[in-house]
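Please read the following account alongside the sequence and the coordinates, moving from the nucleic acid to the protein elements that surround it and then to the local backbone.

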Amino acid sequence: MSTPSTPPATPPATPPTATTATDDAPPFRYTAKLAGELEGKWQARWAADETFRVPNPGQPGFDASRPKFYCLDMFPYPSGAGLHVGHPEGYTATDIICRYKRMAGFNVLHPMGWDAFGLPAEQYAIATGVHPSITTKDAINNFRRQLQRFGFCYDWSREVGTIDPGYYKWTQWAFVKLYDAWFDAAAGKARPISELAAAFEAGQHPARFNPQAAEISDTDKARELGVWSTLDAATRRGVINSYRLAYQGTTTVNWCPKLGTVLANDEVIDGRSERGGHPVLRKPLKQWMFRITAYAQRLLDQLEPLAWPESTKTIQREWIGKSEGAEIEFRVGLSGQTQVALTVFTTRPDTIFGATYMVVAPEHPLVEAVLASPGARTDAAKVIAYVREARNASDVERQESKEKTGVDLGVDAINPATGKPIPVWVADYVLMGYGTGAIMAVPAHDERDYEFAKAFVLPVVEVVRDPAPPAKPPACFAGDGLAMNSVGPDLDINTLPTQQAKAKVIDWLAQTGRGKRRINYKLRDWTFSRQRYWGEPFPIVFDEAGNHYPVSPAALPVLLPQLADYAPIESDDPQPLLAKAGPWVRTTAGEAGVDPVLLAPSTPVTRECNTMPGSAGSSWYFLRFCDPANSAAMIDPQAERYWMAGGVDLYLGGAEHAVGHLLYSRFWTSALADLGVLSTAEPFGKLFHQGMITSSAYQRADKTIIATDLVHEASEGRFVERATGETVTPIVTKMSKRFKNVVNPDEVMEQFGADTFRLYEMAMGPLEASKPWNTKDIIGPFRFLQRLWRSCVDEATGTLRVGEQPPTEALSRLLHKTIAGVTADINAIALHTGISKLIELNNELTREVASAGAAPRAVVEVMVRLLAPYAPHMAEELWQKLNQRGLIADAPWPIHDPAMLVESTVEVPVQVLGKIKARINVPAGADAATTEAMALAEPAVRAAIAGKPIKKVIVVPGKMVNILTG
RNA sequence: GCCGCUGUAGCUCAGUGGUAGAGCGCAUCCUUGGUAAGGCUGAGGUCGUGGGUUCAAAUCCCACCAGCGGCUCCA
């Protein structure tokens with residue numbers, strides 16, 4: 001027997017009169033209009049109450065008894081086009097998780113900010129003259145408005161933007177911190193540069209250039225410098241600089257003339273810029289670089305325990321690209337008696353007896369040495385022509401053909417193992433940027449060397465035997481095996497397995513001074529200069545001799561100067577745009593804020609005119625969210641220790657940042673932790689990638705994609721291009737303005753409301769999968785919300801329609817099953833299956849409403865809380881109607897009763913010879929004998945057995961019975 | 001070429017050895033003062049293909065096919 005509920009405590013002020021559907025709809029049906037009203041109402045309430053503001057330790061209202069949960073979204077670049085439907089996918093997921101965590105009793109840090117430096121605003125400025133800060137701020141305001149429309153539970157009091165001077169002050173500060181630091185290989189961590197200088201002074205550290213420095217030549221590295229105090233100032237400065245984590249190096253960079261800037265390797269795809277697809281050239285340029293390579297091993301080791309997708313960890317490992325092997329020195333004879341050393345890196349020192357020739361990269365210094373002092377066979381003209389052509393080739397051209405090309409340098413090296421001469425070639429399949437830029441070629445056991453040897457008819461000597469050769473042995477065996485043909489004057493590794501052979505060769509190399517064990521990494525130092533305007537200025541000035549000095553922390557930030565125009569400087573050589581700001585560029589040490597101890601205040605200096613790349617501000621923003629307004633420090637240590645303990649608890653964003661942003665952030669965090677700024681070296685304890693939301697488009701026969709508005713459906717399922725009449729194939733692909741298949745979230749919310757939008761995007765499929773947007777499917781989640789609303793609310797009066805009667809046993813069981821399921825699903829980030837469970841619960845509830853006349857209050861009070869993370873606005877409204885105090889956002893998360901999950905009887909299928917013949921209901925927990933007896937008593941089973949002898953009966957209690965007959 | 005992921009109803013996806021499921025779509029009927037709607041009922045599946053293991057395979061193993069993503073001369 002149900003009792004009518006009391007009227008709601010707070011009836012809506014004005015009943016909705018119209019709907020998008022019809023004017024005849026009941027006044028309190030859940031329509032887009034009603035949804036919009038509820039959503040506005042609750043968003044205003046959350047904002048007014050500062051519901052989602054979370055205090056730091058030590059601040060009023062901080063509850064130390066609650067565990068912390070730091071949930072971070074990758075902050076967006078606020079483009080002028082506004083949000084697309086891909087943004088809210090991840091943001092909705094984290095919002096659901098954060099709302100659940102709040103209800104489950106956590107202190108939740110869930111911030112949002114803006115990655116706002118970047119090229120698009122600057123290109124707009126070039127075209128229109130509008131300052132990038134204006135367009136960027138407009139875009140930010142639009143993004144914020146759109147995000148707030150979704151009802152996300154961000155703590156907006158913590159909002160930061162990388163373009164705020166109060167923010168980039170600390171980006172610059174971090175740069176100086178790394179500039180004033182070196183990596184102590186012995187300690188395995190970064191230390192202040194002053195400690196290195198002191199160690200040099202005290203003679204505790206040998207006075208020499210950093211042997212790991214990429215920017216220092218081998219000859220400088222080999223120099224014995226002697227006693228530190230006897231060195232001249234320039235040498236000492238050069239030595240110190242070679243250790244700094246931020247240094248100036250002249251490297252071949254990816255110069256994009258069209259964008260007027262240098263790009264990082266991960267910003268270049270197939271020789272073209274990731275942004276815009278413009279051609280990229282390789283040019284030598286003096287750049288600020290970060291010595292991230294010093295951290296290669298740390299970045300590998302620290303990666304292991306992280307709760308990241310295994311695929312992303314693999315990508316990072318491969319990007320760092322550790323390979324273990326040996327460095328081997330070969331003597332090369334030039335003209336006359338001249339000999340030079342040629343050092344190679346190899347992972348297969350065990351194949352040294354099979355090294356029948358050598359190859360150097362076109363950029364290798366040996367090429368110049370040979371041309372200066374040619375051998376008897378040297379064809380200088382041919383070498384020069386080849387090297388010139390190879391050097392001028394862009395990356396695209398080099399990759400176009402894998403045909404092996406090369407030229408004999410006409411000189412010989414001595415294979416140290418055999419003592420025999422082998423020719424030295426130059427070829428572009430050897431890359432200057434990897435290892436030493438030179439290889440010993442072992443054509444019998446390396447595919448590339450084999451192809452080259454085949455093309456130029458060079459000898460192939462087998463030195464490794466495949467212990468288990470396949471039926472069709474390949475021409476070239478690159479695996480591990482047993483050494484053969486490997487005896488020389490003073491080394492014999494015959495019959496040794498590859499691993500042992502490697503060890504023995506390395507020992508021999510070390511003993512005879514011809515080489516040593518070496519670990520090589522693919523990872524390169526991080527190019528940190530850009531020649532653009534809209535980025536952080538470097539806190540660096542140069543004296544007239546070109547020496548660099550940091551701006552002292554007290555003088556930060558170095559503000560961006562105003563420019564009259566933002567067009568790139570027309571020049572064959574890369575030129576930074578800030579060079580246009582003459583009066584800003586030419587200043588004095590005192591005005592720039594250089595420490596007077598370093599440089600007298602009156603000294604004329606010029607400022608660094610490059611700016612930092614977009615990845616500067618994003619390498620540490622997760623730290624600033626912990627303490628966004630601090631003007632005295634990058635981050636308060638207490639706040640950092642609290643929120644960053646174990647790293648961010650959940651970091652959600654696209655997989656496209658697997659190596660760029662995620663690696664850079666790890667490097668900054670590790671280095672800043674080494675230097676005592678942070679307590680945690682790894683920024684992101686748990687990482688999750690959401691999939692891309694795709695959309696439909698059409699593809700021509702030649703695989704090009706055509707915009708949706710240029711196609712029509714000629715007949716059922718057949719699509720043709722209007723202009724040509726050519727048949728096109730419907731496909732799913734990423735959303736793009738070009739394909740005219742972009743969905744605007746504002747319009748969707750206008751039609752259905754934010755709760756429906758959130759539900760739809762989550763119900764599309766697993767968060768990590770890429771999923772096509774189907775506008776016609778949105779009605780599904782909308783109807784679910786409508787039905788749920790109707791289960792609880794009288795559509796004619798808007799009053800609650802719940803009864804105080806106890807729920808039926810079945811509904812009660814389902815309710816507890818749903819609590820357990822939804823909770824487990826949220827914890828597992830399986831948000832789509834959680835929605836299904838809520839739909840099923842509501843379906844059962846609808847049946848109960850139909851029979852009893854009202855929904856049991858006990859069920860509704862739980863169901864609404866389960867709904868709250870997904871559809872927070874409707875949940876708040878129903879919570880209020882249920883006459884509950886306070887916000888549902890602060891309500892406790894329901895806990896299920898495990899006893900209610902135990903079924904009293906279970907249905908068990910009975911198979912005869914593996915085919916299901918009947919289903920029987922047995923008491924839960926019935927043993928095998930009972931189950932078997934019940935199965936054999938079932939008439940349909942007896943019929944299937946048909947009197948045949950029973951050979952065996954398999955019973956899995958509670959699961960199934962299988963009867964095998966003879 | 002290498003690595004990874006995916007392949008289940010028309011569509012999008014759950015289901016990790018033991019009864020093939022959900023939402024949307026589709027069909028039938030009901031309601032026609034809830035109607036760009038609600039409800040009832042239903043159809044629809046060689047679980048990519050082939051082999052193997054097992055009493056039993058969508059699920060485990062092997063091979064192959066297709067699609068998607070990443071890397072790509074890394075010595």
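Which atom of Thr347 lies 2.3 Å from a sugar or linking oxygen of RNA strand B? In this predicted model, the atom concerned is a backbone N or O atom of Thr347. Thr347 is also among the residues that come nearest to RNA strand B, a group which, out of the 46 residues around the strand, further includes Arg29, Arg448, Pro766 and Arg790.

The side chains of two arginines reach other parts of the RNA. An N or O atom in the side chain of Arg29 is 2.3 Å from a base nitrogen of RNA strand B, whereas the side chain of Arg783 places an N or O atom 2.9 Å from a phosphate oxygen of the strand. Taken over the atoms of RNA strand B within 4 Å of the protein, 56% belong to sugar or phosphate, and the rest belong to bases.

The surface near RNA strand B draws on several elements, with at least two residues supplied by each of strand 13 (339-346), helix 23 (779-792), helix 25 (831-852), strand 36 (905-912), strand 37 (915-923), strand 38 (950-956) and strand 39 (960-965). Helix 23 gives the largest share, 4 residues. Sorted by class, this surface has 17 nonpolar, 14 polar and 15 charged residues.

Strand 13, one of the elements that supply this surface, pairs with strand 12 in the antiparallel sense over 8 bridges, and within this pairing Glu327 stands opposite Phe345 of strand 13. The hairpin that the two strands form has 5 residues between them, and there Gly336 takes a positive phi near 65°. Strand 12 (residues 322-333) has further antiparallel pairings: 7 bridges join it to strand 20 (residues 515-521), where Arg517 is the bridge partner of Ala326, and 3 bridges join it to strand 15 (residues 407-414), where Asp412 is the bridge partner of Gly333.

Elsewhere, an open sheet of 4 strands shows parallel pairing in the order 2-1-26-27. Strand 2 (107-109) and strand 27 (687-688) stand at its edges with a single partner strand each, so one side of each is left without a neighbour in the sheet. The pairing of strand 27 with strand 26 (residues 650-652) is parallel and comprises 2 bridges, with Leu652 opposite Phe688 of strand 27.

How are helix 1 and helix 27 oriented to each other? The axes of helix 1 (residues 32-49) and helix 27 (residues 872-881) are 9 Å apart and meet at an angle of about 85°; the two helices are therefore roughly perpendicular to each other. Helix 1 makes the contact through Leu38, Glu39, Lys41, Trp42, Gln43 and Trp46, while helix 27 contributes Pro872, His873, Glu876, Glu877 and Gln880. By class, this contact has 4 nonpolar, 3 polar and 4 charged residues.

Two details of the backbone remain. Most residues other than glycine have a negative phi, and most peptide bonds are trans. Glu50, in the loop between helix 1 and strand 1 (68-73), has a positive phi near 50° although the residue is not a glycine. Leu556 and Pro557 are joined by a cis peptide bond with omega of about 0°, and Pro557 has its place in the loop between strand 23 (548-550) and helix 16 (582-585).

Definitions and conventions:
Residues numbered from 1 in each chain as written. Chains lettered and ligands numbered in written order. Predicted model: local features only at pLDDT ≥ 70, side-chain atom pairs only at ≥ 80, totals over all residues. Heavy atoms only, no water. Near = heavy atom within 4 Å. Polar contact = N/O pair within 3.5 Å; in protein donor to acceptor, adjacent residues only side chain to side chain. Nonpolar A, V, L, I, M, F, W, Y, C, P; charged D, E, K, R; others polar. Axes fitted to C-alpha atoms, helices over the stretch in contact; angles between N-to-C directions. Parallel < 35°, antiparallel > 145°, perpendicular 65-115°, else oblique. Contact = heavy atoms within 4.5 Å. Pairing = 2+ DSSP bridges.
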